[in-house]
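Colleague: I am new to this structure. Could you show me how to read it, starting with the ligand?

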Amino acid sequence: MRKKDIFFKTKRKVTVLSTVIVFLCLLIFAIITKTLYTSIVFSHIDKQLMDERNVYTNVLSRGIDGRDWRGIPKLPPNIIMVVQGGNGVALVNQNYYFDSENLPDFPENTEDKIVTFTSGDYTFRGIKFHFNDLKISLIINVDSEIQSVNQLMSSIVLSFIILIIIALILSYYLSSKIMKPVKEAYDKQVFFVQDASHEMRTPLAVIRGKLELLANKWGDTIDNNFDHISKMMSEVRGLEKLNSDLLLLSKEDVDGSVNITEFSLDEFITDVSEFYVDLAEIQEKSFDIIRKLDDNTKVNWDYNKIKRMIIILIENAFKYTKEDGNIQLIFEDLGKNIKVTVKDNGIGIKEEEQERIFDRFFRSADVRVKSISGSGIGLSLLKSIAKTLDIKVKLTSKIAEGTEFNLLIPRIIK
Ligand SMILES: Nc1ncnc2c1ncn2[C@@H]1O[C@H](COP(=O)(O)OP(=O)(O)OP(=O)(O)O)[C@@H](O)[C@H]1O
Ligand SMILES: [Mg+2]
(Lines give C-alpha, C1' and ligand atoms only; values in the text may rest on other atoms or scores of the structure.)
(Ligands and ions follow the chains in the order given, each with its own letter.)
Protein backbone atom coordinates (compact mmCIF):
# COMPACT_ATOMS: atom_id res chain seq x y z
CA MET A 1 0.00 0.00 0.00
CA ARG A 2 2.79 2.38 1.04
CA LYS A 3 4.77 1.47 -2.12
CA LYS A 4 1.74 2.20 -4.27
CA ASP A 5 1.34 5.56 -2.53
CA ILE A 6 4.90 6.67 -3.28
CA PHE A 7 4.54 6.00 -6.99
CA PHE A 8 1.03 7.36 -7.29
CA LYS A 9 1.99 10.62 -5.54
CA THR A 10 5.10 11.08 -7.67
CA LYS A 11 3.13 10.34 -10.83
CA ARG A 12 0.49 12.88 -9.80
CA LYS A 13 3.15 15.48 -9.03
CA VAL A 14 4.88 15.00 -12.41
CA THR A 15 1.51 15.15 -14.22
CA VAL A 16 0.38 18.33 -12.43
CA LEU A 17 3.75 20.01 -12.87
CA SER A 18 4.02 19.33 -16.58
CA THR A 19 0.39 20.36 -17.15
CA VAL A 20 1.01 23.64 -15.30
CA ILE A 21 4.07 24.26 -17.49
CA VAL A 22 2.02 23.61 -20.63
CA PHE A 23 -0.76 25.85 -19.26
CA LEU A 24 1.67 28.73 -18.67
CA CYS A 25 3.20 28.33 -22.13
CA LEU A 26 -0.25 28.38 -23.74
CA LEU A 27 -1.27 31.39 -21.69
CA ILE A 28 1.79 33.34 -22.79
CA PHE A 29 1.12 32.25 -26.37
CA ALA A 30 -2.54 33.42 -26.13
CA ILE A 31 -1.58 36.82 -24.67
CA ILE A 32 1.09 37.43 -27.32
CA THR A 33 -1.23 36.33 -30.15
CA LYS A 34 -4.07 38.55 -28.96
CA THR A 35 -1.83 41.58 -28.50
CA LEU A 36 -0.16 41.12 -31.87
CA TYR A 37 -3.39 40.47 -33.75
CA THR A 38 -5.17 43.44 -32.18
CA SER A 39 -2.30 45.77 -32.93
CA ILE A 40 -2.12 44.54 -36.54
CA VAL A 41 -5.88 45.01 -37.04
CA PHE A 42 -5.96 48.51 -35.48
CA SER A 43 -2.69 49.71 -37.00
CA HIS A 44 -4.35 49.73 -40.44
CA ILE A 45 -7.33 51.72 -39.12
CA ASP A 46 -5.12 54.11 -37.16
CA LYS A 47 -2.99 54.75 -40.22
CA GLN A 48 -6.10 55.62 -42.24
CA LEU A 49 -7.29 58.01 -39.53
CA MET A 50 -3.90 59.70 -39.28
CA ASP A 51 -3.58 60.05 -43.07
CA GLU A 52 -6.99 61.71 -43.33
CA ARG A 53 -6.23 63.96 -40.39
CA ASN A 54 -3.06 65.15 -42.15
CA VAL A 55 -4.88 65.67 -45.46
CA TYR A 56 -7.50 67.87 -43.79
CA THR A 57 -5.03 69.85 -41.73
CA ASN A 58 -3.02 70.56 -44.90
CA VAL A 59 -6.06 71.60 -46.91
CA LEU A 60 -7.39 73.85 -44.18
CA SER A 61 -4.01 75.42 -43.53
CA ARG A 62 -3.75 76.34 -47.21
CA GLY A 63 -6.54 78.84 -46.44
CA ILE A 64 -9.57 77.09 -47.85
CA ASP A 65 -12.60 78.17 -45.96
CA GLY A 66 -13.52 75.43 -43.57
CA ARG A 67 -17.19 76.17 -44.00
CA ASP A 68 -17.12 75.80 -47.76
CA TRP A 69 -16.47 72.09 -48.19
CA ARG A 70 -16.40 72.15 -51.96
CA GLY A 71 -12.91 71.52 -53.26
CA ILE A 72 -11.95 69.46 -50.26
CA PRO A 73 -10.90 65.89 -51.06
CA LYS A 74 -13.53 63.20 -50.63
CA LEU A 75 -13.35 60.92 -47.58
CA PRO A 76 -13.03 57.16 -47.89
CA PRO A 77 -16.53 55.66 -47.41
CA ASN A 78 -15.76 54.04 -44.01
CA ILE A 79 -14.72 57.34 -42.35
CA ILE A 80 -17.29 59.45 -40.56
CA MET A 81 -16.47 63.13 -40.26
CA VAL A 82 -18.10 65.48 -37.78
CA VAL A 83 -17.19 69.18 -37.91
CA GLN A 84 -18.40 71.46 -35.16
CA GLY A 85 -18.00 75.23 -35.44
CA GLY A 86 -18.44 77.92 -32.83
CA ASN A 87 -22.17 78.08 -33.48
CA GLY A 88 -23.15 74.43 -33.78
CA VAL A 89 -22.60 71.49 -36.05
CA ALA A 90 -21.18 72.51 -39.41
CA LEU A 91 -21.05 69.10 -41.04
CA VAL A 92 -21.78 65.41 -40.43
CA ASN A 93 -21.19 63.30 -43.53
CA GLN A 94 -23.78 60.72 -44.41
CA ASN A 95 -23.55 57.75 -42.07
CA TYR A 96 -25.54 55.24 -40.11
CA TYR A 97 -24.40 56.15 -36.59
CA PHE A 98 -24.21 59.91 -35.96
CA ASP A 99 -26.09 63.07 -36.87
CA SER A 100 -26.32 66.62 -35.49
CA GLU A 101 -28.57 65.33 -32.68
CA ASN A 102 -26.39 62.38 -31.78
CA LEU A 103 -22.75 63.39 -31.70
CA PRO A 104 -19.76 61.15 -30.95
CA ASP A 105 -18.80 61.06 -27.32
CA PHE A 106 -14.97 61.07 -27.12
CA PRO A 107 -13.39 60.36 -23.73
CA GLU A 108 -12.02 63.36 -21.81
CA ASN A 109 -8.56 64.79 -22.61
CA THR A 110 -8.03 62.88 -25.81
CA GLU A 111 -7.31 65.84 -28.06
CA ASP A 112 -5.39 64.76 -31.19
CA LYS A 113 -5.06 61.17 -29.94
CA ILE A 114 -6.50 58.05 -31.54
CA VAL A 115 -8.87 56.43 -29.05
CA THR A 116 -11.45 53.67 -28.87
CA PHE A 117 -14.91 54.61 -27.60
CA THR A 118 -18.44 53.26 -27.67
CA SER A 119 -21.69 54.81 -28.61
CA GLY A 120 -24.83 52.75 -28.08
CA ASP A 121 -24.04 49.19 -29.07
CA TYR A 122 -21.25 50.24 -31.44
CA THR A 123 -17.53 50.62 -30.96
CA PHE A 124 -15.43 53.19 -32.78
CA ARG A 125 -11.90 54.31 -33.17
CA GLY A 126 -11.41 57.96 -33.83
CA ILE A 127 -9.38 61.15 -33.52
CA LYS A 128 -10.58 64.64 -32.52
CA PHE A 129 -8.56 67.75 -33.37
CA HIS A 130 -8.99 71.51 -33.52
CA PHE A 131 -8.36 73.78 -36.44
CA ASN A 132 -8.91 77.44 -35.63
CA ASP A 133 -12.44 77.49 -34.23
CA LEU A 134 -13.39 74.22 -35.87
CA LYS A 135 -13.56 70.97 -33.90
CA ILE A 136 -13.05 68.07 -36.34
CA SER A 137 -13.64 64.38 -35.50
CA LEU A 138 -12.68 61.51 -37.80
CA ILE A 139 -14.25 58.19 -36.81
CA ILE A 140 -14.26 54.59 -38.05
CA ASN A 141 -16.60 51.88 -36.84
CA VAL A 142 -14.54 48.92 -35.63
CA ASP A 143 -17.27 46.42 -34.69
CA SER A 144 -16.16 43.92 -37.33
CA GLU A 145 -12.54 44.16 -36.19
CA ILE A 146 -13.55 43.72 -32.53
CA GLN A 147 -15.70 40.78 -33.57
CA SER A 148 -12.81 39.14 -35.39
CA VAL A 149 -10.54 39.66 -32.34
CA ASN A 150 -13.26 38.08 -30.15
CA GLN A 151 -13.64 35.18 -32.58
CA LEU A 152 -9.89 34.68 -32.50
CA MET A 153 -9.99 34.71 -28.70
CA SER A 154 -12.78 32.10 -28.57
CA SER A 155 -10.84 29.83 -30.94
CA ILE A 156 -7.75 30.31 -28.78
CA VAL A 157 -9.70 29.47 -25.60
CA LEU A 158 -11.21 26.38 -27.25
CA SER A 159 -7.82 25.14 -28.48
CA PHE A 160 -6.44 26.03 -25.06
CA ILE A 161 -8.91 23.68 -23.34
CA ILE A 162 -8.31 20.88 -25.86
CA LEU A 163 -4.52 21.26 -25.56
CA ILE A 164 -4.66 21.24 -21.75
CA ILE A 165 -6.69 18.01 -21.82
CA ILE A 166 -4.20 16.47 -24.28
CA ALA A 167 -1.29 17.69 -22.12
CA LEU A 168 -2.91 16.19 -19.03
CA ILE A 169 -3.40 12.80 -20.69
CA LEU A 170 0.05 12.84 -22.31
CA SER A 171 1.88 13.86 -19.15
CA TYR A 172 0.04 11.18 -17.16
CA TYR A 173 1.01 8.61 -19.79
CA LEU A 174 4.63 9.82 -19.93
CA SER A 175 4.99 9.97 -16.15
CA SER A 176 3.75 6.36 -15.97
CA LYS A 177 6.35 5.46 -18.59
CA ILE A 178 9.13 7.27 -16.72
CA MET A 179 8.11 5.74 -13.41
CA LYS A 180 8.09 2.21 -14.82
CA PRO A 181 11.86 1.56 -14.64
CA VAL A 182 12.02 3.31 -11.26
CA LYS A 183 9.24 1.08 -9.99
CA GLU A 184 10.93 -1.99 -11.43
CA ALA A 185 14.23 -1.07 -9.74
CA TYR A 186 12.35 -0.49 -6.49
CA ASP A 187 10.58 -3.86 -6.75
CA LYS A 188 13.89 -5.54 -7.60
CA GLN A 189 15.45 -4.04 -4.52
CA VAL A 190 12.58 -5.20 -2.33
CA PHE A 191 12.74 -8.75 -3.75
CA PHE A 192 16.51 -8.70 -3.35
CA VAL A 193 16.26 -7.94 0.37
CA GLN A 194 13.47 -10.49 0.78
CA ASP A 195 15.44 -13.19 -1.05
CA ALA A 196 18.64 -12.39 0.83
CA SER A 197 16.93 -12.67 4.21
CA HIS A 198 15.23 -15.87 3.05
CA GLU A 199 18.62 -17.35 2.06
CA MET A 200 20.04 -16.50 5.47
CA ARG A 201 17.17 -18.09 7.33
CA THR A 202 18.23 -21.72 6.76
CA PRO A 203 21.89 -21.44 7.90
CA LEU A 204 20.83 -19.31 10.87
CA ALA A 205 18.21 -21.90 11.85
CA VAL A 206 20.83 -24.67 11.59
CA ILE A 207 23.30 -22.74 13.77
CA ARG A 208 20.58 -21.95 16.31
CA GLY A 209 19.49 -25.60 16.44
CA LYS A 210 23.05 -26.80 16.94
CA LEU A 211 23.69 -24.20 19.65
CA GLU A 212 20.55 -25.23 21.52
CA LEU A 213 21.65 -28.83 21.26
CA LEU A 214 25.10 -27.99 22.67
CA ALA A 215 23.57 -25.89 25.47
CA ASN A 216 21.72 -29.01 26.64
CA LYS A 217 24.94 -31.01 26.75
CA TRP A 218 26.53 -29.09 29.57
CA GLY A 219 29.78 -30.79 30.71
CA ASP A 220 30.20 -32.86 27.52
CA THR A 221 33.53 -32.68 25.62
CA ILE A 222 34.18 -30.83 22.37
CA ASP A 223 35.41 -34.09 20.83
CA ASN A 224 31.98 -35.68 21.29
CA ASN A 225 30.28 -32.77 19.59
CA PHE A 226 32.74 -32.07 16.83
CA ASP A 227 30.23 -32.90 14.09
CA HIS A 228 27.84 -30.22 15.34
CA ILE A 229 30.63 -27.67 15.63
CA SER A 230 31.99 -28.37 12.17
CA LYS A 231 28.46 -28.12 10.69
CA MET A 232 28.09 -24.72 12.36
CA MET A 233 31.46 -23.62 11.01
CA SER A 234 30.50 -24.58 7.50
CA GLU A 235 27.18 -22.69 7.82
CA VAL A 236 29.05 -19.61 9.08
CA ARG A 237 31.46 -19.83 6.12
CA GLY A 238 28.42 -20.05 3.83
CA LEU A 239 26.96 -16.93 5.47
CA GLU A 240 30.25 -15.08 5.09
CA LYS A 241 30.39 -15.95 1.39
CA LEU A 242 26.77 -14.94 0.94
CA ASN A 243 27.50 -11.65 2.65
CA SER A 244 30.51 -10.79 0.49
CA ASP A 245 28.73 -11.95 -2.70
CA LEU A 246 25.73 -9.76 -1.89
CA LEU A 247 28.02 -6.81 -1.33
CA LEU A 248 29.76 -7.37 -4.67
CA LEU A 249 26.47 -7.77 -6.48
CA SER A 250 24.93 -4.61 -5.06
CA LYS A 251 28.14 -2.68 -5.78
CA GLU A 252 28.08 -3.90 -9.37
CA ASP A 253 24.43 -2.90 -9.74
CA VAL A 254 24.79 0.53 -8.20
CA ASP A 255 28.27 1.56 -9.22
CA GLY A 256 29.16 -0.33 -12.42
CA SER A 257 32.37 1.70 -12.77
CA VAL A 258 35.04 0.19 -15.03
CA ASN A 259 38.80 0.35 -14.92
CA ILE A 260 40.23 -0.54 -18.32
CA THR A 261 43.95 -1.24 -18.65
CA GLU A 262 46.08 -2.87 -21.32
CA PHE A 263 47.70 -6.17 -20.32
CA SER A 264 49.00 -9.41 -21.75
CA LEU A 265 46.56 -12.35 -21.90
CA ASP A 266 49.31 -14.88 -21.07
CA GLU A 267 49.87 -13.51 -17.60
CA PHE A 268 46.14 -13.06 -17.09
CA ILE A 269 45.44 -16.71 -17.95
CA THR A 270 48.11 -17.89 -15.53
CA ASP A 271 46.75 -15.66 -12.77
CA VAL A 272 43.15 -16.84 -13.30
CA SER A 273 43.89 -20.54 -13.53
CA GLU A 274 46.82 -21.11 -11.09
CA PHE A 275 44.67 -21.96 -8.09
CA TYR A 276 42.43 -24.30 -10.06
CA VAL A 277 45.35 -26.31 -11.44
CA ASP A 278 46.15 -27.27 -7.84
CA LEU A 279 42.50 -27.75 -6.94
CA ALA A 280 42.05 -30.13 -9.87
CA GLU A 281 44.88 -32.26 -8.52
CA ILE A 282 43.37 -32.35 -5.03
CA GLN A 283 39.89 -33.15 -6.35
CA GLU A 284 41.26 -35.60 -8.90
CA LYS A 285 39.74 -33.81 -11.86
CA SER A 286 41.43 -32.84 -15.08
CA PHE A 287 41.72 -29.16 -15.86
CA ASP A 288 42.98 -28.21 -19.33
CA ILE A 289 43.93 -24.72 -20.38
CA ILE A 290 43.84 -24.30 -24.13
CA ARG A 291 45.24 -21.13 -25.76
CA LYS A 292 44.24 -20.55 -29.39
CA LEU A 293 46.13 -17.26 -29.35
CA ASP A 294 49.33 -15.69 -30.63
CA ASP A 295 52.02 -15.27 -28.02
CA ASN A 296 51.81 -12.06 -26.10
CA THR A 297 48.26 -11.14 -27.16
CA LYS A 298 47.32 -7.84 -25.56
CA VAL A 299 43.84 -6.81 -24.47
CA ASN A 300 42.24 -3.69 -23.01
CA TRP A 301 40.01 -5.11 -20.30
CA ASP A 302 38.86 -4.45 -16.77
CA TYR A 303 41.26 -6.97 -15.25
CA ASN A 304 39.44 -7.67 -11.98
CA LYS A 305 35.94 -7.82 -13.37
CA ILE A 306 36.75 -10.20 -16.21
CA LYS A 307 38.85 -12.33 -13.86
CA ARG A 308 35.83 -12.55 -11.55
CA MET A 309 33.55 -13.63 -14.42
CA ILE A 310 35.90 -16.42 -15.47
CA ILE A 311 36.38 -17.56 -11.88
CA ILE A 312 32.61 -17.73 -11.37
CA LEU A 313 32.42 -20.11 -14.35
CA ILE A 314 35.43 -22.21 -13.35
CA GLU A 315 34.12 -22.54 -9.77
CA ASN A 316 30.78 -23.75 -11.05
CA ALA A 317 32.47 -26.18 -13.42
CA PHE A 318 34.42 -27.67 -10.50
CA LYS A 319 31.41 -27.65 -8.19
CA TYR A 320 29.04 -29.30 -10.61
CA THR A 321 31.29 -32.11 -11.90
CA LYS A 322 32.01 -35.38 -10.14
CA GLU A 323 35.45 -36.66 -9.13
CA ASP A 324 36.62 -37.83 -12.53
CA GLY A 325 35.39 -34.63 -14.12
CA ASN A 326 37.04 -32.85 -16.95
CA ILE A 327 37.10 -29.05 -17.13
CA GLN A 328 38.42 -27.01 -20.03
CA LEU A 329 39.30 -23.34 -20.10
CA ILE A 330 39.74 -22.17 -23.70
CA PHE A 331 40.93 -18.75 -24.90
CA GLU A 332 40.41 -18.15 -28.61
CA ASP A 333 41.41 -15.11 -30.65
CA LEU A 334 38.60 -14.18 -33.08
CA GLY A 335 40.16 -10.91 -34.26
CA LYS A 336 37.96 -8.21 -32.81
CA ASN A 337 36.86 -10.42 -29.93
CA ILE A 338 38.38 -12.97 -27.60
CA LYS A 339 36.18 -15.99 -26.95
CA VAL A 340 36.55 -17.54 -23.50
CA THR A 341 35.00 -20.97 -23.03
CA VAL A 342 34.54 -22.85 -19.77
CA LYS A 343 33.41 -26.38 -20.49
CA ASP A 344 32.72 -29.30 -18.17
CA ASN A 345 31.34 -32.82 -18.34
CA GLY A 346 29.35 -32.44 -15.15
CA ILE A 347 25.72 -32.74 -14.11
CA GLY A 348 24.41 -30.32 -16.78
CA ILE A 349 21.45 -27.95 -16.55
CA LYS A 350 17.86 -28.81 -17.47
CA GLU A 351 16.62 -26.94 -20.50
CA GLU A 352 13.79 -25.27 -18.59
CA GLU A 353 16.24 -23.99 -15.99
CA GLN A 354 18.80 -22.56 -18.40
CA GLU A 355 17.16 -19.13 -18.54
CA ARG A 356 16.69 -18.93 -14.79
CA ILE A 357 20.21 -19.79 -13.63
CA PHE A 358 21.20 -16.15 -14.20
CA ASP A 359 18.52 -14.98 -11.73
CA ARG A 360 19.57 -14.00 -8.26
CA PHE A 361 19.49 -16.86 -5.73
CA PHE A 362 18.30 -19.36 -8.33
CA ARG A 363 19.80 -22.79 -7.80
CA SER A 364 18.52 -25.86 -9.59
CA ALA A 365 16.47 -28.26 -7.50
CA ASP A 366 19.07 -30.98 -8.15
CA VAL A 367 21.95 -29.05 -6.57
CA ARG A 368 19.82 -28.08 -3.60
CA VAL A 369 18.87 -31.73 -3.06
CA LYS A 370 22.49 -32.83 -3.35
CA SER A 371 23.45 -30.19 -0.75
CA ILE A 372 26.14 -28.71 -2.99
CA SER A 373 27.04 -25.47 -1.24
CA GLY A 374 26.35 -22.13 -2.88
CA SER A 375 24.06 -19.16 -2.72
CA GLY A 376 22.95 -18.77 -6.34
CA ILE A 377 24.59 -15.38 -6.81
CA GLY A 378 27.61 -16.23 -8.99
CA LEU A 379 25.90 -16.17 -12.39
CA SER A 380 23.77 -13.13 -11.60
CA LEU A 381 26.95 -11.23 -10.78
CA LEU A 382 28.43 -12.50 -14.06
CA LYS A 383 25.37 -11.25 -15.93
CA SER A 384 25.63 -7.87 -14.24
CA ILE A 385 29.30 -7.45 -15.17
CA ALA A 386 28.59 -8.68 -18.73
CA LYS A 387 26.00 -5.93 -19.07
CA THR A 388 28.41 -3.26 -17.83
CA LEU A 389 31.24 -4.37 -20.14
CA ASP A 390 29.06 -5.31 -23.13
CA ILE A 391 30.11 -8.95 -23.10
CA LYS A 392 27.94 -11.62 -24.75
CA VAL A 393 27.29 -14.76 -22.72
CA LYS A 394 26.19 -18.04 -24.31
CA LEU A 395 25.21 -21.23 -22.55
CA THR A 396 24.92 -24.75 -23.97
CA SER A 397 24.15 -27.57 -21.60
CA LYS A 398 22.74 -31.06 -21.59
CA ILE A 399 21.62 -32.77 -18.44
CA ALA A 400 24.09 -35.46 -17.30
CA GLU A 401 26.45 -34.66 -20.18
CA GLY A 402 27.96 -31.31 -19.35
CA THR A 403 27.85 -27.56 -19.67
CA GLU A 404 29.62 -25.00 -21.81
CA PHE A 405 29.67 -21.24 -21.19
CA ASN A 406 31.09 -18.86 -23.84
CA LEU A 407 32.05 -15.27 -23.19
CA LEU A 408 32.55 -13.11 -26.27
CA ILE A 409 34.72 -10.26 -25.02
CA PRO A 410 35.76 -7.32 -27.23
CA ARG A 411 39.56 -7.20 -27.39
CA ILE A 412 39.38 -3.49 -26.67
CA ILE A 413 36.65 -2.50 -24.22
CA LYS A 414 35.86 1.21 -24.37
N1 LIG B 1 28.64 -25.72 -14.78
C2 LIG B 1 27.44 -26.00 -14.28
N3 LIG B 1 26.92 -27.23 -14.33
C4 LIG B 1 25.70 -27.49 -13.84
N5 LIG B 1 24.90 -26.58 -13.26
C6 LIG B 1 25.36 -25.35 -13.18
C7 LIG B 1 26.63 -24.94 -13.68
N8 LIG B 1 26.81 -23.64 -13.48
C9 LIG B 1 25.68 -23.21 -12.87
N10 LIG B 1 24.82 -24.21 -12.66
C11 LIG B 1 23.47 -24.11 -12.07
O12 LIG B 1 23.14 -22.74 -11.98
C13 LIG B 1 22.86 -22.39 -10.63
C14 LIG B 1 23.32 -20.97 -10.39
O15 LIG B 1 24.72 -20.87 -10.41
P16 LIG B 1 25.43 -19.72 -9.60
O17 LIG B 1 26.86 -19.78 -9.87
O18 LIG B 1 24.70 -18.46 -9.89
O19 LIG B 1 25.12 -20.07 -8.09
P20 LIG B 1 25.74 -21.20 -7.18
O21 LIG B 1 26.88 -21.84 -7.86
O22 LIG B 1 24.61 -22.09 -6.81
O23 LIG B 1 26.18 -20.39 -5.90
P24 LIG B 1 27.35 -19.31 -5.80
O25 LIG B 1 26.68 -18.01 -5.65
O26 LIG B 1 28.06 -19.71 -4.60
O27 LIG B 1 28.14 -19.43 -7.05
C28 LIG B 1 23.60 -23.42 -9.82
O29 LIG B 1 23.04 -23.54 -8.56
C30 LIG B 1 23.43 -24.65 -10.65
O31 LIG B 1 22.16 -25.20 -10.42
MG1 LIG C 1 28.42 -20.56 -8.61
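Modeller: Start with single atoms. This is a predicted model. In it, a polar side-chain atom of N316 sits 2.8 Å from an oxygen atom of ligand 1.

Colleague: How far is an N or O atom in the side chain of Y320 from an oxygen atom of ligand 1?

Modeller: The distance is 2.7 Å. L379 uses its backbone instead: an N or O atom there lies 2.7 Å from a ligand 1 oxygen.

Colleague: How much of ligand 1 does the protein bury?

Modeller: Take the ligand alone, then add the protein. Alone, ligand 1 exposes 590 Å². The protein buries 98% of that area.

Colleague: Which elements give two or more residues to the shell around ligand 1?

Modeller: Three helices and a strand: helix 3 (226-254), helix 5 (303-319), helix 7 (378-389) and strand 12 (402-410).

Colleague: Which residues come nearest to ligand 1?

Modeller: Of 22 residues around the ligand, K241, Y320, R363, I377 and L379 come nearest. By type, the shell holds 9 nonpolar, 8 polar and 5 charged residues.

Colleague: Now the sheet. What is its strand order?

Modeller: Read across the strands, from edge to edge. This open sheet has 5 strands in the order 7-9-10-12-11, with mixed pairing. Strand 7 (286-292) and strand 11 (392-398) are the edges, each pairing on one side only.

Colleague: How many bridges join strand 9 to strand 10?

Modeller: There are 7, and the two strands run antiparallel. Among the partners, F331 bridges to V340 in strand 10.

Colleague: What does UniProt place at residues 195-413?

Modeller: Its unreviewed entry gives "domain: Histidine kinase" there. Over that stretch the chain is 47% helix and 22% strand.

Methods:
Residues are numbered from 1 along each chain as its sequence is written. Chains are lettered from A and ligands numbered from 1 in the order in which they are written. This is a predicted model: local features need pLDDT of at least 70, side-chain atom pairs count only at pLDDT 80 or more; totals for chains, interfaces and linings use all residues. Side-chain values use heavy atoms; hydrogens and water are left out. A residue is near a molecule or strand if one of its heavy atoms lies within 4 Å of it. A polar contact is a pair of N or O atoms within 3.5 Å; within protein, one must be able to donate a hydrogen and the other to accept it, and residues adjacent in sequence count only if both atoms are side-chain atoms. Accessible areas come from the Shrake-Rupley method with a 1.4 Å probe; for residues, only the protein chains shown count as cover. Helices (H or I, at least four residues) and strands (E, at least two) are DSSP runs, numbered from the N terminus. Ala, Val, Leu, Ile, Met, Phe, Trp, Tyr, Cys and Pro count as nonpolar, Asp, Glu, Lys and Arg as charged, and the others, Gly among them, as polar. UniProt positions are given in the numbering used here, feature names are shortened, and annotations may be inferred rather than shown by experiment. Two strands pair if DSSP finds at least two bridges between them.
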